[in-house]
Amino acid sequence: TIGHFPCAVFMEARKAKDSLPSWWDRHCNLQHTYGTCSLAVRLKALGMKDADVASWLLALKGFIARCVDPRVELALELDASENELTDEAGTRLISGLQRIRHTREGPFRLRVLKLHKNKVGDDTCAELASLVWHQAKAVEEIHLSHNEVQQRGLTAILAALAMHPEKAYPRETPCEDVPCWVRLEHNRVSHVEYVLALLQQEPVKLQFCMAPRREKGPSCTSFRCQASDNIAHAHLYCVDKQESEPETRKHAEAVVQSVIRQLQGERCKDTVSDSADAHHEAVEAAEFSDAAPCRFEDLKVDATGAGLELTPDPYGFLIETVFETPGQKLNAGEVILEIDGVQLWGDLDEDRLSDAFGSRFADGARIRVAPADAVRGRPLWQPLTIPGPGLSLRCEAVSSSL
C-alpha cells in the first residue's frame, strides 16, 4: 500500500535497521524505564481498513528496530478501536504481532489490546488466544466489545486465560492478584451464561468476576478486583449483554470441547517450530510482494528554480515536464511522494499540498518518487489534511516566535 509506508521501503524494511520513519510513527509514544520499554500506539477512529494493516505492521517493525534496544523487554499497548477492521484484518494484525515477538531478541509482550467497535470475529479471537497462550506474561486488558464475536471466539480467549501454561492469570502485582480485564459485551454470543458455566467445569475451571458497578464503595477496575476471594482469571463486565444469534447450547458444548482439545495439544509444544517460523516468513513475504518501486533523489534548485512542471495528484505532485536545467534525475510521469520526510500523498487540496512541499523546498532536499502508473489504484490513507493555517505560515510563525 501507499498510504503510510510506501513503495520499495516495503522491501528495504526487511533490514529493519535501514528502515525509515513513516507516517504511522506520529501515533507511537515510546517510554523508556530501567530494563523495559513501553510503546503505546494510538490508532483510534482513524478510519483504518483492511488494506492498511500490512502497512502498519511493517511500519511498527521498523519503528521498533530503530527506537528500541533489541535486548530489552518491550510492552505494547495498542488502541485500534472504532475503525473498520474486519475479522480477516484482525487476524492479520494479531498474527503480525506474533511474528514480531518471535523475531525479537528481547521479550515482547502485548499489554493492552483495544479493538472494540470494529468488525472482528471468531478468527481474530482464535489468533489472540494463541498469542495469550504463548506469551509468558499476562495481557492486562482485552477490549473486543461491539464486534461480531460468537461462541467460539469468547471460548477461545477465556479458555486460554484459564488454562495458561505459565499460570499467568490472574496476574501478580505488588499488592494483589488482578484478573485480566476482558470486554466482550455487545457481540453475538448466544447462551453466554451457559458457555460460561461450561468453562467453569473441568478441565478449564474458569474463574471470573462480573465486575459489577457499585453505588457505594469502589468497583472493580482493570487494576483491582473488589471480590472477597481474588482468584478470578478475568473480569467480564457486562458480558451478558449480547445480540441475539441462532447458535444453540449443543453448539456451545461442541465449541468448548474443540477449544479444550486444541489447548491441550498446545501443551505439547514448548517452542514454536521451525516450520511455523517458515510459515510466518512466507506470509510476511506474500503480504508485501506487490510493493511498488520507488527511490530517493536529491532535489536540485538553482537561481532559476527546480526546472520541473508539476501538477497536484492524490499521491503528491505529478511530474509533467523535466527541463534541462538544473539537471534533475527525475522523469516525466513520476510522482513525488514526499520531501524531506514530509508526506505529500493523501489527496491533499492544492493549497495544503503546496504548503507541505514548500516547507521543505530547497537545494538538496531528499525526495521520494515512484512511477505514477505503479501507484495508481493503491489504497490511500484518509485525507491527510493539515488542521489550522497552512504549514508554511505556521513555520513562519514558529520562526518569528523563536
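Reader: How many helices and strands does the secondary structure of the chain come to?
Author: The model shown here is a predicted one, and its chain has 402 residues, of which 51% are buried. Counted over the whole chain, the secondary structure comes to 11 helices and 16 strands.

Reader: What share of the contacts in the chain with a separation of 6 or more is made by residues 24 or more positions apart?
Author: Contact here means heavy atoms within 4.5 Å. Taking the contacts with a separation of 6 or more, the part that joins residues 24 or more positions apart is 79%.

Reader: Are helix H2 and helix H3 roughly parallel or roughly antiparallel to each other?
Author: Helix H2 covers residues 50–67 and helix H3 covers residues 87–103, and their axes come within 9 Å and cross at roughly 15°. Angles under 35 degrees count as roughly parallel, and H2 is therefore, with respect to H3, roughly parallel.

Reader: Which residues of H3 make the contact with H2?
Author: The crossing of these two helices, H2 and H3, is right-handed. The residues of the contact divide into 10 nonpolar, 1 polar and 4 charged. From H2 the contact takes Asp50, Val53, Ala54, Trp56, Leu57, Leu60 and Ile64, and from H3 it takes Glu88, Ala89, Arg92, Leu93, Gly96, Leu97, Arg99 and Ile100.

Reader: Which residues in H2 are buried?
Author: Helix H2 has 18 residues and reaches 26 Å from its first C-alpha to its last, which is close to the 26 Å expected at 1.5 Å a residue. Within this helix the buried residues are Asp52, Val53, Ala54, Ser55, Trp56, Leu57, Leu58, Ala59, Leu60, Gly62, Phe63 and Ile64.

Reader: How are H5 and H7 placed with respect to each other?
Author: Helix H5, residues 151–162, packs with helix H7, residues 249–266, at an angle of about 40°, and their axes are 9 Å apart. The crossing of H5 and H7 is right-handed. With that angle between them, H5 and H7 are therefore oblique.

Reader: Which residues in H7 does H5 meet?
Author: The contact of H5 with H7 is made on the H5 side by Gln151, Arg152, Thr155, Ala156, Ala159 and Ala160, and these meet, in H7, His251, Ala252, Val255, Val256, Val259 and Leu263.
The residues of this contact of H5 with H7 divide into 8 nonpolar, 3 polar and 1 charged.

Reader: Does His233 count as buried or exposed?
Author: His233 lies in the loop between strand E9 (208–209) and strand E10 (234–235). Leaving out residues up to four places away in sequence, His233 touches Leu161, Ala162, Tyr169, Pro170, Pro179, Cys180, Lys205, Leu206 and Gln207. Because its relative accessibility is 10%, His233 counts as buried.

Terms used: Residues are numbered from 1 along each chain as its sequence is written. This is a predicted model: local features need pLDDT of at least 70, side-chain atom pairs count only at pLDDT 80 or more; totals for chains, interfaces and linings use all residues. Side-chain values use heavy atoms; hydrogens and water are left out. Axes are lines fitted to C-alpha atoms, for helices over the stretch in contact, and angles run from 0 to 180 degrees between N-to-C directions. Helices (H or I, at least four residues) and strands (E, at least two) are DSSP runs, numbered from the N terminus. Angles under 35 degrees count as roughly parallel, over 145 as roughly antiparallel, 65 to 115 as roughly perpendicular and the rest as oblique. A crossing is left-handed if the near helix is turned anticlockwise from the far one by less than a right angle, and right-handed if clockwise. Ala, Val, Leu, Ile, Met, Phe, Trp, Tyr, Cys and Pro count as nonpolar, Asp, Glu, Lys and Arg as charged, and the others, Gly among them, as polar. The expected span of a helix is 1.5 Å times one less than its number of residues. Buried means under 20% relative accessible area, exposed over 50%, partly exposed in between (1.4 Å probe, protein chains only).
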